[in-house]
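Me: Could you take a close look at the salt bridges in this one? I'd like to know which side chains pair up, where they sit in the chain, and whether they are buried or exposed.

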Amino acid sequence: MSTEVHLPQNFPYPIKITSLDVKPSSPVQRGTRLLSYSFQYQPPIPGSRPELRFGTWDCSLEGTVDAWKVRVGDEITLQRAKAKPVVIISEPCKHGVQVGGLCGLCGKDMTTYDYTGFSDASRASIQMTHSAFGPTVSLEEAQRIERETAERLLKARKLSLIVDLDQTIVHATVDPTVGEWIAEGEAWEARQDKKAEAATSSTNSDSESDDTDEDEDECNPNWRALKDVRKFQLGPEAFGVPLHRNPLRFKGKQRHIENQGCMYYIKPRPGSQDFLRQLSRNYEMHVYTMGTRAYAEEVCAAIDPDGAIFGGRILSRDESESLTQKSLQRLFPCDTSMVVIIDDRADVWEWSPNLIKVIPYDFFVGIGDINSAFLPKIEPLAPPGYKNPQSKAPPSSDLPALSPPSYTQPEERERAEQESKAMLTQNSLALEAQVEERPLAKKQEELQTVSNESGRTTDLNAPSDAPSSEKVQERDASPRKALLKNDDTELNRVGNLLGEVHREFYASYDSDRTEERERHHTGISKPYDVTQIIPQMRRRTLQGVHILFSSVIPLDTRPETTEIWKVAHLFGGQCYTELSGHITHLVAAKNGTAKVDAARKRGGIKIVWLSWFTNSVAFWQRQEETPYLLDDPTPSAASLSPNLDPHQISSDPEPDADDWDVEPAVEKSALELTDIDWNDINDEVEAAMNESDDEDDTRSRRGSVRSGIATDDEDAIMDESRSQDSVNVTPRPNRKRPRSVTSSERSNASEQQDIMRSPLAKRKKLAAGRTGMSKLKEAFTAEEIAGASHLGSRSSSLQQPTPPSGTPSPINEDDEEEDDFLARELEEWG
């Protein structure tokens, strides 16, 4: 078996071949000198001249030299050393298969290490089996194995399918409540069987009593969904880490877990048996789970008891050596063109083009994935920097990437071990919390409480002639509600997608089968490739859809870097940041945004909720937009925010508008005086007027002393004006239209207009109407108010008492001296 040998990459390139020390057909051993070379050495001293130095290359293999690919005098660079071999050596064994440090073909020890720096163990570092202690193979051997596997599958017209377990095919929990519900349901069925047997041999009277007992015997509402639940127990070693970390927690049941282990309850997804049986005709299935090896074997024994579906092809976290990622190259290191994945998590696969994402199965409400509690609960819609991986075989230089990462430094190895232990500890604590806290029992109790409260509300609202004691008994006897539902249909959709992938693959294979030889020599990639078919199916989901997001992407984030933007492109959509004529769908997280309003005004754009996008991606099918449309607010509905002009900086009306000073019309109502206590009002007004009169007298005396000109009548006019202003509590607008003239005032309309529009006339009118006693103290009736048509008629209808002695007489409006004095005063004030 010939082996092409390349020069080591750590040589001081460029080098020049000075001699070939072994002739063709000569045997060689480890350490035999093969060739000598020269190179230019540059001393580290600045300004020094390069020195010519020489080196040798010793053989690291055992065999016979077949041919040299270089000659003496050839200059070899690093690029040439990587691209072309320098010698071909025939080996008796290439050690391509190794098991436990020994060659699986010749039995030689592969752990020896010498000065050449080459170990035979590195020649077979690829794990392709489902066991952590299985054989490792070389890249050449891996390519041969996959080529044979592909030929076998093509003959059987099958593909390879990697199946995840938790929340994809099954759902698991360790909550003891499930076991109690199952025991309760089994006991109920046993009682029913006994009653059925007794009914066949009992008398009619006994049968009636049995019917009464049957009515009182209520079955657990969750029993129907729990009938196909499987259970098994794993020892404490299945947790992966010691459980006794905190002696203060879980003192009772924690002791039982440490000694006896934990009971697992497995619920197969509805239709899983038919799903797996039908897929086994078109797929060769492998299990890949984040659970332990013991857990995976027990689950497969429950859903595939005879091993006809998976056939022992199980890969767990114990073999994958990773707790956060799943590697497709772990099982198929060279060619993934015939491999399909179904999993409920896309992030652990880095959105591989081979993946068909499954909607998570959440039968045990709120439990989640019991084997991945350390993973983030919210997975990203797309990985950062997503790229389509190639299905071609990796070159030999990329071989170390196929194996688990090697930690060269002891610190790195120790840190990785500590992180793994921390994640396993977190997962074990989550299991312990389920056992101790019993979340399903709490959720069942909450559901029943809500049901009872709604029943009480219905009983209170519904009329009934039954006594209250009978109502209480009926409410207490209300049936229990089922927490667990058996209505999942996701596997039907996944089965259809897998069937479509299989049909398209072999349709392409059959049509291009005649051109396979030519394509193999030209290097053209084969068209029947799963990594091309599945992305094409994804892109059909949103093909032709041009999306604008609103209130979905944060404002301080570049849209192109977000997960939802990448997923939209992954499923065939086109995304934009501004509203334009290309937009077909506006995906919004809330209503009333600027983009939503602008799109609604533009028309022709389907404005949908974000759930339309997420459901279309989840189901790989564009959803009908009608149920997801945002409701168009009706014009009559009250708006939550004012509809502002974009050029208006304030929500207040424009001050220059024609009707800004028009007071709103007040609806006239009937006069209601029966509820008013006029005595209290008269007392308050009288007290206020007396206090005002005292202040007015004081101001009047001081004003007479200061001016020496103003008369008592003038002070009375000013005081009366202040008094009227002080008791007037109704605010007046700054600007008011003239009061309309009533029918009784039309006879002297011209005179009244001048009086009402002149400030001096207003003061004169107030002074003329003063009699020494406020008119607010006068009594009048409701009939007089209703009969009055204006203020002047009301004043004339009121009976004025005789002014007391010493009261100043009214001032004559025609007094020119008063007019001159007031005019001068107003001019001085103005």
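Reply: Let's start with R600, which is partly exposed at 23% relative accessible area. Keep in mind that this is a predicted model. The partner of R600 is D597, with the closest N and O atoms 4.0 Å apart. D597 is partly exposed as well, at 32%. Both residues belong to helix α17 (residues 594-602), and they sit 3 residues apart, about one turn of the helix. Elsewhere, R30, E91, D120 and R123 are joined into one network by salt bridges that share partners.

The count for the model comes to 28 salt bridges, and one of them is K267 with D228, at 2.6 Å from N to O. K267 is in strand β16 (residues 262-268), while D228 is in the loop between α5 (223-226) and β15 (230-234), so this pair ties together parts 39 residues apart in sequence. K267 counts as buried because its relative accessibility is 0%, where the cut-off for buried is under 20%. D228, on the other hand, is partly exposed at 29%.

Then there's R269 with D488, whose closest N and O atoms are 2.7 Å apart. This pair links distant parts of the chain, 219 residues apart: R269 lies in the loop between β16 and α7 (272-279), and D488 in the loop between α12 (468-476) and α13 (490-511). R269 is buried, with a relative accessible area of 1%, whereas D488 is partly exposed at 21%.

Definitions and conventions
Residues numbered from 1 in each chain as written. Predicted model: local features only at pLDDT ≥ 70, side-chain atom pairs only at ≥ 80, totals over all residues. Heavy atoms only, no water. Salt bridge = Lys/Arg side-chain N within 4 Å of Asp/Glu carboxyl O. Helix = DSSP H or I, 4+ residues; strand = E, 2+ residues; numbered from the N terminus. Buried < 20%, exposed > 50% of the residue type's maximum accessible area, 1.4 Å probe, protein only.
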